[in-house]
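User: I'd like to learn how to read annotated sites and nonpolar cores in a model. Could you walk me through an example?

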Amino acid sequence: MTTTGIDARLDRIGTDGSYVIVPMDHGVTMGAVQGLKDIESTIDGVTRGGADAVLTQKGIAPRVHEHKNGKGYIVHLNGSTTIGPDENDKRPTGTVEEAVRVGADAVSFHINVGSDHEPDQLSQLSEVTAEADRLGMPVLAMAYARGPGVDPEDPEALGHAVRIAEELGADIVKTGYSGDAESFQHVVESTRLPVVIAGGSKGTDRETIEMVRGVMDAGGAGVSMGRSIFQHEDPEAIATAVAAVVHDDCSAEEALTKAGLALEA
């Protein structure tokens, strides 16, 4: 149930109901990869470029606040590693109360719909949304279609995943992109929550920005895009281009030109 606190904090992580979020919790998943060793500089760059919020695990909070240029901060509450037995087996890593204590404006939680771990993750997300509602904290549910025999770009599966997020009490939902605006419209229409897309592994600048344009054309609310931004040679520039599409309704070409990236498409 929406409260004054939830509404106020949603305003801190977005702009007029649209969102450019840069998750950087990948240190748990992948280690200190490019863009995360000097995470302070990356946070400074992406927030200067136009990101509304950054996202990390709770232990990185002391490295965030001085460098986020007044933008929002989200703490992620579960995780897994690429070197463990099953990357889809996300386990709780924090609580909403801990996120409040480290200065978060929202929390996020990852579920893999269709995986062997779906039942536990659904229960855990329900617990997170209950605690968050009690404390007036927004919840970003990262709801992916992932598991044996599941196509992670299937719009029906993605639509199911985002609907689960709403049914369990989330305030925003992140999911994968179905590949084009026409099919992604079904995903957006499957929930009343704002829908943002994941970026996945880094593609070309043009591929990244055209994907963002597609989600906005489908009625989406923006992006929660990690590696495509923080691993970019110029995180500030690519964040500028993404924000130009999400917040200024620019075409892909206009956004790349505004960010000085057109020749690198």
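Analyst: Happy to; we will take the annotated site and then the cores, keeping in mind that this model is predicted.

User: Which residues does UniProt list for "active site"?

Analyst: The unreviewed UniProt entry lists Asp25, Tyr144 and Lys174 under that heading. A good next step is to look for them among the pocket linings: the lining of the largest pocket takes in Asp25, Tyr144 and Lys174.

User: Is Asp25 buried or exposed?

Analyst: Burial is read from relative accessible area, with buried meaning under 20%. Asp25 is buried because its value is 12%. Asp25 sits in the loop that links strand 1 (19-23) to helix 2 (26-30). Beyond four places in sequence, Asp25 touches Leu55, Thr56, Gln57 and His76.

User: Where is Lys174 placed, and what does Lys174 contact?

Analyst: Lys174 belongs to strand 8 (residues 172-175). With a relative accessible area of 5%, Lys174 is buried too. Setting aside neighbours within four places in sequence, its contacts include Tyr144, Pro23, Met142 and Ser224.

User: Now the cores: why look for nonpolar side chains in groups?

Analyst: Because in soluble globular proteins nonpolar side chains tend to be buried together. Here, the largest nonpolar core has 70 residues, and Met24, Phe184, Ile209 and Val242 have the most contacts inside it. Helix 10 (residues 235-248) gives the largest share of this core, 9 residues. Ile209 touches Ile238, Ala241, Val242 and Val245, among others.

User: What does the second, separate core include?

Analyst: That core has 16 residues, among them Ile6, Leu55, Met142 and Ala221. Leu55 is also one of the residues that Asp25 touches, and Met142 is one of the contacts of Lys174.

Key:
Residues are numbered from 1 along each chain as its sequence is written. This is a predicted model: local features need pLDDT of at least 70, side-chain atom pairs count only at pLDDT 80 or more; totals for chains, interfaces and linings use all residues. Side-chain values use heavy atoms; hydrogens and water are left out. UniProt positions are given in the numbering used here, feature names are shortened, and annotations may be inferred rather than shown by experiment. On a 1 Å grid over the protein atoms alone, a cavity is a set of points where a 1.4 Å probe fits but cannot get out, and a pocket is an open set with protein on both sides within 12 Å along at least five of seven lines; lining residues have an atom within 4 Å of a point. Helices (H or I, at least four residues) and strands (E, at least two) are DSSP runs, numbered from the N terminus. Buried means under 20% relative accessible area, exposed over 50%, partly exposed in between (1.4 Å probe, protein chains only). Contact means heavy atoms within 4.5 Å. A nonpolar core is a set of buried Ala, Val, Leu, Ile, Met, Phe, Trp, Tyr and Cys residues joined through side-chain atoms within 4.5 Å.
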